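Visitor: I would like a close look at one part of this model, a buried charged side chain and its partners, and then at whatever surrounds that part or contrasts with it. Please take it slowly and connect the pieces as you go.

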Amino acid sequence: MEYFVQQLINGLTLGAIYGLIAIGYTMVYGIIGMINFAHGEIYMIGAFIAVISFIVLGAAGITWVPVMLMLVLIISMVFTSIYGWTIERLAYRPLRGSFRLAPLISAIGMSIFLQNYVQLVQGARVKPMPPVIQGGFVIMERADGFVVSLSYLQILIIVLTTVLMVGFTGLITRTELGRAQRACEQDKTMAGLLGVNVDRTISLTFVLGAALAAVAGVMVTMYYGVIDFFIGFLAGVKAFTAAVLGGIGSLPGAMLGGLLIGLIEAFWSAYFSIEYKDVATFAILVLVLIFRPTGLLGKPEIEKV
Amino acid sequence: MTAVKTGTTANTGSTGEPMLRIEGVHTFYGSIEALKGVDMQVQAGEIVTLIGANGAGKSTLLMTICGNPRAKFGRVVFEGEDITQVPTFEIVRRGIAQSPEGRRIFGRMTVLENLQMGSITAQPGSFDRELERVYTLFPRLKERQAQRGGTLSGGEQQMLAIGRALMSQPRLLLLDEPSLGLAPLIVKQIFKVIEDINREQGMTVFLVEQNAFHALKLAHRGYVMVNGNITLQGTGRELLANEEVRTAYLEGGH
Ligand SMILES: Nc1ncnc2c1ncn2[C@@H]1O[C@H](COP(=O)(O)OP(=O)(O)OP(=O)(O)O)[C@@H](O)[C@H]1O
Ligand SMILES: [Mg+2]
């Protein structure tokens, strides 16, 4: 029981992070119908910017955690947003309207390029990161000494993610910007006829997805304490699986999918085999694609023509 | 009544710059030439109709006015400014709204959200007033406002498409076959709405119609398009009386 609760906490934390990344996949797919394979790298870059910012801020004497964290989040979100925007402009927009596979190939190329670029400028070795937030609560204790703990960092991750997801959902469902975004998903020609700047809306989708991935990058840096240039690949595949599991194109689906993948991974490593935890995710991806390609919350197509 | 309209046309037709002027416009889809040098104009305050067979290029002309697709040769001039190369979202910001072919309702958005989309280019603060106006024209939309667009009936979708275009308070309203596939009673209602917004709000309307009889009766002036060319033009009355028009577009009807 205690062991189960601990895995639940770990799984939720992990799931929150996957969910944040998955939103970027699902939103981009929703609006231009392509998988942005470079999205995992955006998250990786967010993590690197986090490490660098923590070091720089520390050297500048800004060490009070709330301020430091706030600044790191902002810096990281701003820079990854610029990356997201640039990638769309350089690698995808020129290919809009060409054959369907072209942007996918471009995305894979972009992903490889970004990995190598970071490896080149930051080195191939893992980057350690001294803990920023330590401590936590002990929730339960078993007779044999096993303790169930909920760290402050885990609380922060879960709370921050929840706030961001609620805010983001509000943005998409209630604001003019969100309506324009959904309109472009459904019919770009009509959105244009109503005065929506379609290109700018697509850019903005990349920017928002990148900013959320940056938050995930910051959180992961603090959570694991080490990062390297390759973390974007695995996290990317898992978040992509989360998006597909939830129903690609669906915003609540991405959040739900992220949570489920996090939980599955935590429980799989706890009860079966930690070496094969990634295999579990890939197996789910394959199964979903075979048996329910629209995912759990896939869009119902009820439109009349 | 027709006589009055013809009189109005004679006046507006002779005074200065038209609201919309199409000059020698050619539009292509790949190598297919859909418009082959179209010339026409719409004066402020008019209802002008364009009739023609399937595939003549009527929808292409309406879309070319909005810059999607773009005219390859020729010019589109709106209120004295050349808008041929202006981006679509900019063109509609200048006061042109279109209810396009196939209605293009956002099926996963509610009726209210569709109408909100229509007001993107409207003056700030005008939303409540315009919404009220659209709901007065189409009370059915008010009853359905929380329903998804995709679940509306065909007639309701057409009302929504027109209402959405009206939400931006355009100076020029482009309507592509608003009566298509609708029951006679609803067709009558929609034509009545077009007449009302033209007379009461002074809105200029450019109307593409299959229902040539109705359209020509309603319009001040009309054009006939064949194969990407304008072949005939005149007042609604003249065209209704024209032998070619009668055999080609009014045969068997009314
Ligand atoms: N997207 C497109 N790609 C290629 N050809 C097109 C496209 N849209 C229209 N066409 C062609 O351009 C010509 C004019 O089409 P358009 O839709 O303007 O005709 P229309 O007068 O509106 O006809 P209808 O009364 O059937 O709506 C047609 O021959 C059509 O096949
Ligand atoms: Mg047409």
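Guide: Glu265(A) has a relative accessible area of 3% in this predicted model, and because buried means under 20% relative accessible area, Glu265(A) is counted as buried. The carboxylate does not lack a partner, for Glu265(A) forms a salt bridge with Lys238(A), in which the closest N and O atoms are 3.3 Å apart. This pair links distant parts of the chain, with Lys238(A) in helix H9 (residues 231-246) of chain A and Glu265(A) in helix H10 of chain A, 27 residues apart.

Lys238(A) is itself buried, at 4% relative accessibility, and takes part in a salt bridge with Asp278(A) as well, at 2.7 Å from N to O. Since Asp278(A) belongs to helix H11 (residues 277-291) of chain A and Lys238(A) to helix H9 of chain A, this second pair ties together parts that are 40 residues apart in sequence. Asp278(A) also counts as buried, with a relative accessibility of 18%. Lys238(A) in H9(A) is thus paired with Glu265(A) in H10(A) and with Asp278(A) in H11(A).

The helix that carries Glu265(A) has another side to its description. Helix H10 (251-271) and helix H1 (2-32) of chain A each supply at least two residues of a nonpolar patch, and H10(A) gives the most, with 4 residues. The patch lies on the surface and has about 910 Å² of accessible area together, its members including Phe4(A), Leu8(A), Leu259(A), Ile264(A), Trp268(A) and Phe272(A). Trp268(A), which is found in helix H10 of chain A, is partly exposed, with a relative accessible area of 31%. Helix H10 of chain A therefore holds both the buried Glu265(A) and the partly exposed Trp268(A).

Over all chains the count comes to 23 salt bridges, and chain B offers one that can be set beside those of chain A. There the side chains of Arg21(B) and Glu23(B) meet at 2.6 Å, N to O. Arg21(B) is buried, with a relative accessible area of 17%, whereas Glu23(B), with 25%, is partly exposed. Both residues belong to a network of salt bridges that also links Glu17(B), Arg75(B) and Asp82(B).

Charged side chains appear again around ligand 1, where the shell of residues divides into 4 nonpolar, 6 polar and 3 charged. Of the 13 residues in this shell, Gly55(B), Lys58(B), Ser59(B), Thr60(B) and Glu101(B) come nearest. An N or O atom in the side chain of Glu101(B) is 2.6 Å from an oxygen atom of ligand 1, while a polar side-chain atom of Asn54(B) lies 2.9 Å from an oxygen atom of the ligand, and the side chain of Gln210(B) likewise places an N or O atom 2.9 Å from a ligand oxygen. The protein covers 62% of the 630 Å² of accessible area that ligand 1 has on its own.

Helix H2 (residues 58-65) of chain B contributes the largest share of this shell, 3 residues. Because 8 of the 8 residues of H2(B) are buried, this helix is largely enclosed by the rest of the structure; among the buried residues are Lys58(B), Ser59(B) and Thr60(B). Just after H2(B), Gly67(B) takes a positive phi of about 80°.

Definitions and conventions
Residues numbered from 1 in each chain as written. Chains lettered and ligands numbered in written order. Predicted model: local features only at pLDDT ≥ 70, side-chain atom pairs only at ≥ 80, totals over all residues. Heavy atoms only, no water. Patch = residues over 30% accessible without salt bridge, like charges linked within 9 Å, V, L, I, M, F, W, Y side chains within 5 Å. Areas by Shrake-Rupley, 256 points an atom, 1.4 Å probe, with all protein chains shown as cover. Salt bridge = Lys/Arg side-chain N within 4 Å of Asp/Glu carboxyl O. Buried < 20%, exposed > 50% of the residue type's maximum accessible area, 1.4 Å probe, protein only. Near = heavy atom within 4 Å. Polar contact = N/O pair within 3.5 Å; in protein donor to acceptor, adjacent residues only side chain to side chain. Nonpolar A, V, L, I, M, F, W, Y, C, P; charged D, E, K, R; others polar.
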